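Take a walk through this protein chain, from its overall layout to a few single residues. Keep the sequence and the 3D view side by side as you read.

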Amino acid sequence: MMHMTFYWSRQVTLLFSSWRTDSWPSYALTLLACVLASVFYQYLEHVRYRVRRSGKPAGEPLLSQPNRAAGKWSAKKMAGGLLFWLSSGLGYLLMLAVMSFNGGVFLAIVLGLTIGFLWLRSEDEDEIAGVNSTCACA
């Protein structure tokens, strides 16, 4: 049965019909996986920002004129595209996990995003204002 409101239970089906929890240890491992995936999402966004920022002088705005001489298929653009693909996919999987409407899964994902942000991205908060994120939840 698909829940349409938040519920609190150790029994949850997450993302795939084969990923079901029916005991406290399996539920705890699922919540740990959600926290780790959320921290990894923030890590990918941090690396993507660093790749995008590399080569710009300190203090130059991120959204300044692009370097047209870099080429359409430069290694930097390819790395940025790969990181965007990975972070977008993981971001959508996290969103789908939240849509299981399990309260513990929701809290685990928000906790992981918060830990990842504080650990990796809070120092760059002023610099990344205005940069689009691939996930509406981050």
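The protein chain holds three helices and two strands. Read from the N terminus, the order of elements is β-β-α-α-α. This is a predicted model. The chain has 138 residues, and 33% of them are buried.

Now look at how two of the helices meet. Two packed helices are described by the angle between their axes and the distance between the axes. Helix α1 covers residues 24–53, and helix α2 covers residues 75–98. The axes of α1 and α2 come within 9 Å and cross at roughly 155°. Angles over 145 degrees count as roughly antiparallel, so α1 is roughly antiparallel to α2. The crossing of α1 past α2 is left-handed.

Stay with α2 and find M95, which lies in this helix. Is M95 buried or exposed? The relative accessible area of M95 is 36%. Partly exposed covers the range between 20% and 50%, so M95 is partly exposed. M95 also helps to make a nonpolar surface patch of about 650 Å². The other residues of this patch are L15, F16, Y92, L93, L96 and M99.

Next, move along to the segment after α3, which spans 103–121. S122 lies in that segment after the helix. S122 has 29% relative accessibility, so S122 too counts as partly exposed. How far apart are S122 and H46 in sequence and in space? They are 76 residues apart in sequence. In space, S122 and H46 are 10.0 Å apart, C-alpha to C-alpha.

Note on methods. Residues numbered from 1 in each chain as written. Predicted model: local features only at pLDDT ≥ 70, side-chain atom pairs only at ≥ 80, totals over all residues. Heavy atoms only, no water. Patch = residues over 30% accessible without salt bridge, like charges linked within 9 Å, V, L, I, M, F, W, Y side chains within 5 Å. Areas by Shrake-Rupley, 256 points an atom, 1.4 Å probe, with all protein chains shown as cover. Salt bridge = Lys/Arg side-chain N within 4 Å of Asp/Glu carboxyl O. Helix = DSSP H or I, 4+ residues; strand = E, 2+ residues; numbered from the N terminus. Buried < 20%, exposed > 50% of the residue type's maximum accessible area, 1.4 Å probe, protein only. Axes fitted to C-alpha atoms, helices over the stretch in contact; angles between N-to-C directions. Parallel < 35°, antiparallel > 145°, perpendicular 65-115°, else oblique. Left-handed = near helix turned anticlockwise from the far one by under 90°.
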